[in-house]
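Thanks for coming. I will take one protein chain this morning and walk through its sheets, a few backbone details and its cysteines. Please have a look at the model first.

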Amino acid sequence: MWRQKQSSSSTEVGCIACEELSLVGAGKEGWLVEDPNLVCALDTHALALAHNSLILLLGFGSSSSSSPDSRVNIRPDLSPIESEHITAIEWLVFEDYDIRVVVAGTSSGYLLFYSLLGHFIHKQMIHPGRILKLRVRGTKRDLTQDTASSEEVCVVMPGIVARFDGSHIQSMLRQWFEETHTQYWDQKPRKRGSEGPETPYGRLPFQLWNVSKYGTCADAAITGIMPPPLMELQSSQRYYSAVAVGEDAVVSAFRLSEDKSRSLVGAILSKVVPATFSTIASVSRMFWRSEQMSPRKSEVKPQSFARASPLTCLKDHPRKGEKLTLSPSGTLAAITDSLGRILLLDTQALVVVRLWKGYRDASCLFMEMLVKRDTAAASSSNYYEPVKSDYCLCLAIHAPRKGIVEIWQMRTGPRLRIIQCAKGAKILQPTYRFGSSMTSPYVPLEVFLLNGDSGQISVLNRTLN
């Protein structure tokens, strides 16, 4: 039986060690970090692992009904003709309706939605190409400030960014939940379609942008809502700011518009890429026996690009941007490059405000720690509940070559802690929760450490002892 263990820097919260892990490559040292085809995503009491054509859901440390009751294996219906496989995975959690699902991205540009029991929910084409990453984030409306709330799912592809509004996904999942609940009570399951191009709830609306002005990006993120250009102040459209990293430009920034007007490059890509993709698929089918093919619906025409206006870029050959992570508000981005440097970018001013060197193959995640906590107020009450103002934004840097995790105070504060970790470890963060109320007890941003060799999951302590 698993027992909780605590140290001065971390607290063990669960263990995922099981035989099923061998299905995703476990069994050798460093399997979690050395396999490029293995992707994972963390929820508060569940871990999703995907490897090629398999998704494995593992619950840990809780008997909650909203977590997987047992180990669940999901084998999506992927195209053997195109050697389609899973390239990204993430959780979607809607607290107001107690809905929790897992969404996977494929090498052919599809999104696949599944329930915690492994039941297929929805499939949708984004754009022909490999999905690199799925980002779930949101900003709540602050009662003291006139700021709009925004909740979204961002899909990152080479040179392409797509955005789904959280409310649209929520509506679709509520429909699925109500339909499933009705079927349970009626005990008359309805016939559901196969995993075709657009099944079974129609097409979710989304925006699509081409951000390859400065070369194909390796990672990208929508950082927030930004004001319109000076000549379009009366426009009713919403504009977004985006940051991308890649080989040709370490960092590039864009203004994204909902307008379908696009540049010549975007127009050419929207015509040439789908046509080329369709031609290759057609030729492949000529050499594939018809009896080996499952019946599929007609292919969906890819969506045209909206307007993406370049703002600035940083080119520093041979340095290449590799990964980026956003702060909760989207105002800061930590960017790792091929020379072992970490840049802290102010996404509003588009200025690098801090730089770390000597961190090759590093990973970064923002977290919150009780650095500013009023100890006098805390000691006066045994039931003191920390509020948001007690926490300070920090950056956790995992340096695998050094075997440590460092925690630095933002923006220019000192290093607060050094944590030793195993060679095959990885830092993870639970997904954003849609619809969480600002009036409920504040839940700080936490970082977890997964030891792939032992299966232990620990949370980094948010207090300084």
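In which loop is leucine 350 found? Leucine 350 sits in the loop between β20 (342-346) and β21 (351-356). Strands here are DSSP runs of E with at least two residues, helices are runs of H or I with at least four residues, and both are numbered from the N terminus. I will come back to this residue.

A word on the source. This is a predicted model, in which local features need pLDDT of at least 70 and side-chain atom pairs count only at pLDDT 80 or more, while totals for chains, interfaces and linings use all residues. Residues are numbered from 1 along each chain as its sequence is written, and side-chain values use heavy atoms, with hydrogens and water left out.

Now the overall figures. The protein chain comes to 4 helices and 29 strands. Of its 465 residues, 48% are buried. Buried means under 20% relative accessible area, exposed means over 50%, and partly exposed is in between, with a 1.4 Å probe and protein chains only. The chain exposes about 22,800 Å², and carbon and sulfur atoms supply 51% of that area. The areas come from the Shrake-Rupley method with a 1.4 Å probe, and for residues only the protein chains shown count as cover. Take the contacts between residues at least 6 apart in sequence: 60% of them join residues at least 24 apart. A contact means heavy atoms within 4.5 Å.

Next, two of the sheets. One is an open sheet of 4 strands in the order β1-β29-β28-β26, paired antiparallel. Two strands pair if DSSP finds at least two bridges between them. At the edges stand β1 (10-15) and β26 (425-428), each with a single partner strand, so one side of each has no neighbour in the sheet. Neighbouring strands of this sheet are turned by 30 degrees against each other on average, direction ignored. For such angles, axes are lines fitted to C-alpha atoms, for helices over the stretch in contact, and angles run from 0 to 180 degrees between N-to-C directions. Within the sheet, β28 (residues 448-451) and β29 (residues 456-460) pair in the antiparallel sense over 3 bridges. Leucine 450 has isoleucine 457, in β29, as its bridge partner.

The other is also an open sheet of 4 antiparallel strands, in the order β14-β15-β16-β17. Its edges are β14 and β17, each with a single partner strand, so one side of each is left without a neighbour in the sheet. The twist averages 20 degrees from one strand to the next. Between β16 (residues 251-257) and β17 there are 6 bridges, and these strands run antiparallel. One residue pair to look at is alanine 253 with its bridge partner in β17, threonine 312.

Proline 227 belongs to the loop between β14 (217-226) and β15 (239-246). Its relative accessibility is 58%, so proline 227 counts as exposed. Proline 227 and tyrosine 239 are 12 residues apart in sequence, and their C-alpha atoms are 6.5 Å apart. Leaving out residues up to four places away in sequence, proline 227 touches Tyr239 and Arg255.

On to the backbone. Where are the cis peptide bonds I want to show? One joins histidine 317 and proline 318, with omega about 10 degrees. Proline 318 is in the loop between β17 (308-314) and β18 (321-326). Another joins methionine 410 and arginine 411, with omega about -5 degrees. Arginine 411 is in the loop between β24 (404-409) and β25 (415-420).

Back to leucine 350. Its phi is near 55 degrees, a positive value in a residue other than glycine. At 29% relative accessibility, leucine 350 counts as partly exposed. Serine 83, not a glycine either, has a positive phi of about 55 degrees. Serine 83 lies in the loop between β5 (72-74) and β6 (86-94), and at 53% relative accessibility serine 83 counts as exposed.

Last, the cysteines. How many disulfides are there? The count is 0, taking a disulfide as a pair of cysteine sulfur atoms within 2.5 Å. Why does cysteine 217 have no bond of this kind? The closest cysteine sulfur, in cysteine 154, is 9.6 Å from the sulfur of cysteine 217, which is too far for a bond. Cysteine 217 is buried, at 4% relative accessible area. Cysteine 40 also counts as buried, at 15% relative accessibility.
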